[in-house]
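Q: Please take a close look at the salt bridges for me, beginning with those that join one chain to another. I'd also like to hear what surrounds them.

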Amino acid sequence: MSSESRYWKSLPEREQTAAFVRESREEFPALPPELPGDRSRRAFLRAAGFTLAGAAAAGCSRAPVEKALPLLVQPEFLTPGRAYHYASTCGGCAAGCGLLVKCRDGRPIKLEGHPAHPLSRGGLCAVGQASLLELYDSRRLTGPLIDGEAAAWEQVDAVVMAALERARAGGGLVCYLSDSILSPTKRALIARFLSGFPNRRHVIYDPLSAAAILAAHERTHGVRVLPHYRLERAEMLLGLEADFLGTWIAPVEFTAAYSAARNLEAETPRLSYHVQLEARLSLTGSKADVRHALPPGALGAVLNHLLLRIAGQAGAALGWSDPGAAPLPAAVLDELAARLWESRGRSLVLCGEEDTATQTLANALNHLLGNYGHTLELAAPSYQRQGSDADLQALWREVAAGQVAALLVDGVDPLADLPDGARLAEHLRQVPLRISFRDHLDETARAAQYVCPDLHYLEAWGDAEPVSGVVSLAQPCMAPLGNRRAVLETLAAWSGPPQSAYEQIRGHWEQQIFPRGSGENRENRSFGEFWDRCLHDGFAVVEAESPVVQTFQLAALEPVPPWQPPGEGELALVLYPKVGLLDGRHAGNPWLQELPDPISKVTWDNYACLAPATAARLGLAEEEVVRLEARAADGRVQALELPVFLQPGQQQQTVAVALGYGRRETERFAGIGPPWLEARPTVGADGRVGKNAAPLLEWQEGTLRRSGRAVRLTPTGRRQRLASTQSHHTLTVPEHLRLPDMPSRPIIQETTWAAWQQDPQAGAVGHGLPEADLWPRDHPFLGHRWGMVIDLGACTGCSACVIACQAENNVPVVGKDEVARKRAMHWLRLDRYYSEPEGRLEVAHQPMLCQHCEHAPCETVCPVLATVHSEEGLNQQIYNRCVGTRYCANNCPYKVRRFNWFDYPRRDPLASLVLNPDVTVRSRGVMEKCTFCVQRIQDGKAEAQRQGRPLADGAIQTACQQSCPAQAIVFGDVNDPASRVSRLARSGRHYRVLEELNVRPAVGYLRIVRNRPQPAPQEGDHHAHG
Amino acid sequence: MASAELPLTVPLIQGDKRLSEVTEEVCRPLERRPSGLWWAALGVSLAVLLTGAAAIGYQIATGIGTWGLNNTVGWAFDITNFVFWIGIGHAGTLISAILFLLRQKWRTSVNRSAEAMTLIAVMCAGLFPLIHMGRPWLAYWVFPYPNFRGPLWINFRSPLAWDAFAISTYFIISLLFWYVGLLPDLATLRDRTPPGLRRTLYAWFSLGWNGSCRTWQHYESLYMLLAGLATPLVVSVHTIVSFDFATAVIPGWHTTIFPPYFVAGAIFSGMALVLVLMILARKLMQLEDYITRRHVDVMSKIVLATSGMVGLAYLTEFFTALYSGNPYEQFAFLNRARGPFGWGYGIMLACNVLIPQLFWFRKVRAHLGAVFVICVLVNVGMWFERFVIIVTSLHRDFLPASWADYAPTSIEIATLAGSFGLFFTLFLLFCRYLPVIAIGEVKGVLRVGREN
């Protein structure tokens, strides 16, 4: 290359001067020389790090302090997230059970039975549980109305007081119409209010009346009272149409007492003998040891016969000796009389018939058996029924005659409860001053000029004396919603200086109740202490007010005339209250409407119950709409169209229809349930749920008869679907689907008292759980292990647990169509099975809930592990993880899992206040089921830990267990051998349902023990040996 | 006498075709304008598909409650349809893989469309586990994937998790097998199609196939390997589907006979549907020379054999129930046959066991109309078999108190129809855009080059 010419750009380059050589090494020779300092990578990072740290430090500097003061004042004694219980009194019906109100964040969220209450003893029925929902009913009136227009209280007070003044001046009758009032303060106030009028009356009537019992006692004992029945002392119970475990007077109290007399797990096992005579199968009849279906009017004849036999035994002289034809075989009557006489003084005849003559004979029977003072008490009578049908009838006559100047209606809806409501409404409108205290617009409130809505019992002060000597307080658990006012305050304002309900009750207690305090209640205490004690406890036991009782006059007794059976082609009508709905005062409560009837399992409807044989004779099928026609005395025909329901155990000459349906309040259910393409409405064509059967009630001899009226049935050719939760009713499978030697499914196990006394394991079917296990025990269950035992002998099927569970666990209401599609959401269902050994109808109730199996079939099949076992033996459902394959539900042998088929609407923000904040509200598409009230378990454990002591047995109660009036459900730690649940699990009666599947359920059941008559030698045996 | 001719020399393809004739005859339908009949069929299929899509959309927006299910019967149409379609999806792979490995050369005329049918059926099947979920938007939770929820893993004990693997594996392998088999034909189409979008697509999907000896060698070894992979899947998929039931505790489900019973049933229904489609295709696409009466005859025999297997399974189930002495089991089967859904059981028995017995007669097998009707009935019967297994077992299990009935809603019926709409829409598109007969493979069984 040296030959090539070499070019140069500048002279320095040509010369290759030292400066040129140095500069040419630089990349950018023109740049100024390097900056001073270290410019390595490390130096850069150091500088960058310092800058970052500096910036951060600068950012951390404390900003000028601006103190924000939230406008939040924590209420005293109230910790958010912590539940408080207030002792109170239930206002769901006139039984006056003790309550513990569970409040969270200043509002009641759950009602529980008061365990220390001397009457209800810890249980609370379905109605009581559900009455909570009515507190958050956004359809309640928020303030007073004048002629249907909202008004201010001052305005109402002024107008009403002026009107009352006119009534006083005019001298017309001022009448206060109410149901039985348990509150002594309110009774006194009504008396004081009425005392200002020259012509006044307080008429009490009960839609589910026991007036005949009161009238009979007036006749036989000279006092118009209801005795206090002490079922726990009875060894022999004879129930005549009295559904005392379901709907009669005070079912919770009676159930608790009944199960106390039938407790096989007590130190000394007891099992009373219960015979029930009734026309339709009631809850009580379903528990009876012996049950005979008798037409309603035939009970009098039974009493005639029994009375003759007992009088013969007692050596008492009756004025007659011809009892008429016997509706039962003589052998049955002999046996009954013998058993009654055998346990005299410890027997009890309970009669629910609305007929004074029949009730009088029942009194005589109890008298001759020496039961007064033992199993029924007049010394401390019950105030749970005070009504008089005769007074009511007299009042309506006066209303019709235009003699009533003012009518104040409180707590009842006579236009819906009584027959001929339309005519009554016409008459009512002639009354110059009509006032209703209802908090919703029922039929009577619509006919009133002034509606002065009362508070819900959970937001008002109140008191009660359900049984003489047992007084209790009700305290407001939240500030009243809306602008309602307690009746106590309204009446006080109209009759003198306004006085708050609290002042009135405290004043009344100071003057009237405190002096009755006995022993420790009075002598060492001031009233202030007594009051505080009562507020804390919720109740007090004071001296009873004993009425003066006359001696019993046997000679005056008349036999009940024989029953006239219904004519050809007619049936005797039985109108009955349904568990849950009762007289219809809670008809607007969706929980109760969706509660399956414990016997029929039908929801959201009433229907005409017919014996299957009767239906076959009439050519009627289930769900066929039939027209019931009754002819009144004046020749008018009253008719009712209802779907037929086939009811085993129903007397064949009767048709039974539930009261309390077809109420105006049920119009709200028009839109209930998920809306979708094929959804069918919950309400009927008339926009209401069911049909009101009250028009078929009948006045007879001063009592309002619920049964015995002759009705004619004609098919209409239409059909109406009934929403039933259970479609198959026996454990024996249909005849054409069984092999000749196929055994009955051992799901319900039972035995007899005689057999059980010989062998506590009598009646066991199957082998029990196998000892050996193919799998190693991968779950050691070292700490607690939760289990449950349910005593099927004690369970009456009253369904309190179903509503308790619904309230506790935010179980949604789904509406009639969804129930009919077998998608009811109740986590706990009551399975009811019939059996017919030797032609007798027997019933078994079985609460069925998640069995929390140790080898849970649901757990293995979930692809996403949304249902898993806890280390305390709980089968847990993780809603967040569930994708909704429903495989778990399919694989559940007990079918207790519930799926959220839709987003069940919870649109009402007020109703959402009832939700338990401890329990997740489930969304669409996830599975749910009983959790054993895991929130209560956690709460109980946390509380024990907080108090630094081990968890006591019984400290954790599931909602179902808590509400059970019969205490049939026991929950606890099966790892603790001393716990109650462990002891019961060792009982000879203990078995597990489907244990042959080896899923190892954590729920066990105790066998039913029936107190059957001593098994007489079988006739067949005689023949065989003879 | 048949022995006069050696079986090997019986021509599989009739008409003594030359190689170019095969190419021409298979490709021609794709290259001319679609017929009115095709448009009409597509229109009907699309309409049914859209109805189904609307039903599914409504159901997802509103809830599973729009189906007739209840607390007792948690599966009915959904899983019935799923198992039905999965069963249909068995014939394709059986024909492609197992018959390929067994050197059953007659398969070449039908394997392409049978495989396409399989793929489409698996798509239809896969739809149901997805939409039967209460929260289908979370369906991906059934797959194990790295996550920040704990991390949460799936339940490997659950047959539904096995299902997810089995079906996705089956779909992927079937797709690959079908696609690999398509490569030479796609190249053929590419070479025949004038430039344009269609040609570009054929070219892209034929992966640069050049027909060289090397390409063929690679292709054949890959095809053989895939056949080997697919073979166990034919057995495993329906076995695993049957585990959905067999591992449960419900009487009528809890039985060890299910895996072979389900596989036999799947082949049975799949073959029947292949026959239905083939009989239609050979008529409508003038492929009588390729899909011959011999094919119909052979496949009818398979249908007859598998009918016997399912019939045996039905009998065995009853015997097992009787012999077990388990009253729940005995009741489940009596209830199946004589309970409220006894009519479904009757349809199942008649269609799956009695009617296919006609295939014992050569005349019936030779009568295309009869074969068509019988095969349609077989599919009706097989749908009812799954319905009977699922619904009658669930609706009356252990506790009589929880017994319930089941009736489908309009939404469910529309969804079932929609799955047929999807199937036929996709199948019609397949017939229109891809060769329904494996040109390359058919050429291999021609007499060309064997004349002497």
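A: **Salt bridges, from the interface inward**

Across the interface of chain B and chain A, the rule finds two salt bridges (a side-chain nitrogen of Lys or Arg within 4 Å of a carboxyl oxygen of Asp or Glu). This is a predicted model, in which local features need pLDDT of at least 70 and side-chain atom pairs count only at pLDDT 80 or more, while totals for chains, interfaces and linings use all residues; side-chain values rest on heavy atoms, with hydrogens and water left out. Residues are numbered from 1 along each chain as its sequence is written, and chains are lettered from A and ligands numbered from 1 in the order in which they are written.

Asp78(B) pairs with Arg886(A) in a salt bridge, with the closest N and O atoms 2.9 Å apart. Between chain B and chain A there are also 40 residue pairs in polar contact, both partners at pLDDT 80 or more. A polar contact is a pair of N or O atoms within 3.5 Å; within protein, one must be able to donate a hydrogen and the other to accept it, and residues adjacent in sequence count only if both atoms are side-chain atoms. On the chain B side that touches chain A, the elements giving two or more residues are helix 2, helix 6 (159-192), helix 8 (213-246), helix 11 (327-338) and helix 15 (410-433) of chain B. Helix 11 of chain B gives the most to that side, with seven residues. Helices (H or I, at least four residues) and strands (E, at least two) are DSSP runs numbered from the N terminus.

How many residues does each chain bring to this contact? Chain B supplies 66 residues and chain A 65, where contact means heavy atoms within 4.5 Å. The two chains bury about 5,300 Å² between them, 58% of it on carbon and sulfur atoms; buried area is the accessible area (1.4 Å probe) that two parts lose on being put together, summed over both. In chain B, Asn71(B), Arg135(B) and Leu399(B) lose the most area to chain A, together 14% of what that side buries. The predictor gives the complex an ipTM of 0.91 and a pTM of 0.88.

Confidence within chain B is worth a glance too. Its pLDDT, the predictor's confidence in each residue from 0 to 100, averages 87 in chain B, and 96% of the residues score at least 70. Helix 2 (residues 36-62) of chain B has the highest mean, 93, whereas helix 16 (residues 439-444) of chain B has the lowest, 78. Over residues 1-6 of chain B the pLDDT is below 50, and beyond near neighbours in sequence this stretch has one contact in the model.

Now for the wider set: over all chains, the whole structure holds 73 salt bridges. Arg230(A) and Glu377(A) form one of them, at 3.3 Å from N to O. Arg230(A) sits in the loop between strand 8 (226-229) and strand 9 (236-240) of chain A, and Glu377(A) in strand 13 (residues 376-382) of chain A, 147 residues apart. Both Arg230(A) and Glu377(A) are buried (under 20% relative accessible area, with exposed over 50% and partly exposed in between; 1.4 Å probe, protein chains only).

Asp413(A) and Arg663(A) also meet in a salt bridge, at 3.8 Å from N to O. Asp413(A) lies in the loop between strand 14 (404-410) and helix 14 (414-417) of chain A and Arg663(A) in the loop between strand 25 (654-658) and strand 26 (698-700) of chain A, so the pair ties together parts that are 250 residues apart in sequence. Asp413(A) and Arg663(A) are both buried. Arg438(A) and Asp442(A) form another salt bridge, with their closest N and O atoms 2.9 Å apart, and both of these residues are buried. Elsewhere, a network of salt bridges links Glu750(A), Glu838(A), Arg840(A), Glu842(A), Arg1010(A) and Arg1012(A).

As for the chain that holds these pairs, chain A has 31 helices and 41 strands. Of its 1026 residues, 59% count as buried. Among the contacts in chain A with a separation of 6 or more, 73% join residues 24 or more positions apart.
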